[in-house]
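Here is a quick tour of one chain, from its annotated spans to its surface patches. Have the model open while you read.

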Amino acid sequence: MTDKPIKEILGAPKHPEPVTMEKSNNNDCVVTTVPLVSECQLTAATGGAELSCYRCTIPFGVVILIAGVVVTAVAYSFNSHGSIISVFGLVLLSSGLLLLASSALCWKIRQQHKKAKRRESQTALVANQRSLFG
C-alpha cells in the first residue's frame with residue numbers, strides 16, 4: 001500500500017497551527033489554538049457540496065427574482081416611485097439577477113475545468129498508447 005501516515009493522506013496541515021492569545025484580568029495568558037482545515041478535510045466533511053455551489057444558488061436566485069418582480073410590480077402599480085417598497089423590490093430583483101449570473105459563471109468555469117481534465121487525460125492516454133505500440 002503506502003508508507004505515508006493516514007494523517008498526511010487526509011490532508012492534515014503541514015505548517016504549525018495559528019495561536020491566538022487572550023489575557024485575563026490577573027495578567028494570566030490563555031493560549032487558544034485554532035485548528036486549520038485543509039481542502040480535503042472540507043470535502044470529506046461536506047460530502048463534496050462545496051463544489052456544487054452553482055446548483056444551490058439557482059433555486060434561491062429564481063425565488064428571489066420572482067419575489068423581486070412581484071414586489072416591484074406591486075410598488076409601481078401604486079405609483080410609489082422611490083418608496084421603501086419599490087427600493088426593496090429593486091434590491092430583490094437585482095439580487096436575484098446577481099445570484100443567477102454568478103451561478104451561470106460558476107457553471108461555465110466548472111465546465112471549462114472538466115473539459116481541460118478530459119483533454120489532459122486523453123492526451124496522457126494517447127501518449128501511453130503510442131509508447132506501447134510505437
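## Spans, patches and a few contacts

Measured end to end by C-alpha atoms, residues 58-78 cover 31 Å, and that span is 95% helix and 0% strand. Keep in mind that this is a predicted model. The stretch comes from the UniProt record, an unreviewed entry, which lists residues 58-78 and 84-109 under "transmembrane region". The second of these, residues 84-109, has its end C-alpha atoms 37 Å apart and is 100% helix and 0% strand.

Now for the overall layout. The chain holds four helices and two strands, and going along the sequence they come in the order α-β-β-α-α-α. Of its 134 residues, 13% are buried.

Two of the helices matter for the rest of this report. Helix H3 takes in residues 53-77, while helix H4 runs over residues 84-133.

Let's look at the surface, starting with the greasy side. Ile58, Val62, Ile66, Val70, Val74, Phe78 and Ile85 together make a nonpolar patch of about 620 Å². Helix H3 is the main contributor to this patch, supplying five residues. Isoleucine 85, another member of the patch, sits in helix H4 instead.

There is also a charged patch. Arg55, Lys108, Lys114, Lys115, Arg118 and Arg119 cluster on the surface as a patch of positive charge. Here helix H4 has the largest share, with five residues. Lysine 114 is one of the patch residues and belongs to helix H4.

How exposed are some of the individual residues? The table puts four of them side by side.

| Residue | Helix | Relative accessibility | Class |
|---|---|---|---|
| Lysine 114 | H4 | 34% | partly exposed |
| Isoleucine 85 | H4 | 40% | partly exposed |
| Cysteine 56 | H3 | 42% | partly exposed |
| Leucine 98 | H4 | 62% | exposed |

The classes follow from two cut-offs: under 20% is buried and over 50% is exposed, with partly exposed in between. Leucine 98 therefore counts as exposed, at 62%. Cysteine 56, at 42%, lands in the partly exposed class.

Which residue has its C-alpha atom 7.7 Å from that of leucine 98? The partner is glycine 61, and the two are 37 residues apart along the chain. Leucine 98 itself is part of helix H4.

A second pair involves cysteine 56, a helix H3 residue. Its C-alpha atom is 8.3 Å from that of serine 103, although 47 residues separate the two in sequence.

Definitions and conventions
Residues numbered from 1 in each chain as written. Predicted model: local features only at pLDDT ≥ 70, side-chain atom pairs only at ≥ 80, totals over all residues. Heavy atoms only, no water. Patch = residues over 30% accessible without salt bridge, like charges linked within 9 Å, V, L, I, M, F, W, Y side chains within 5 Å. Areas by Shrake-Rupley, 256 points an atom, 1.4 Å probe, with all protein chains shown as cover. Salt bridge = Lys/Arg side-chain N within 4 Å of Asp/Glu carboxyl O. Lys, Arg positive; Asp, Glu negative; His and termini not counted. Charge placed at Lys NZ, Arg CZ, Asp CG, Glu CD. Buried < 20%, exposed > 50% of the residue type's maximum accessible area, 1.4 Å probe, protein only. UniProt positions renumbered as here; feature names shortened; annotations may be inferred.
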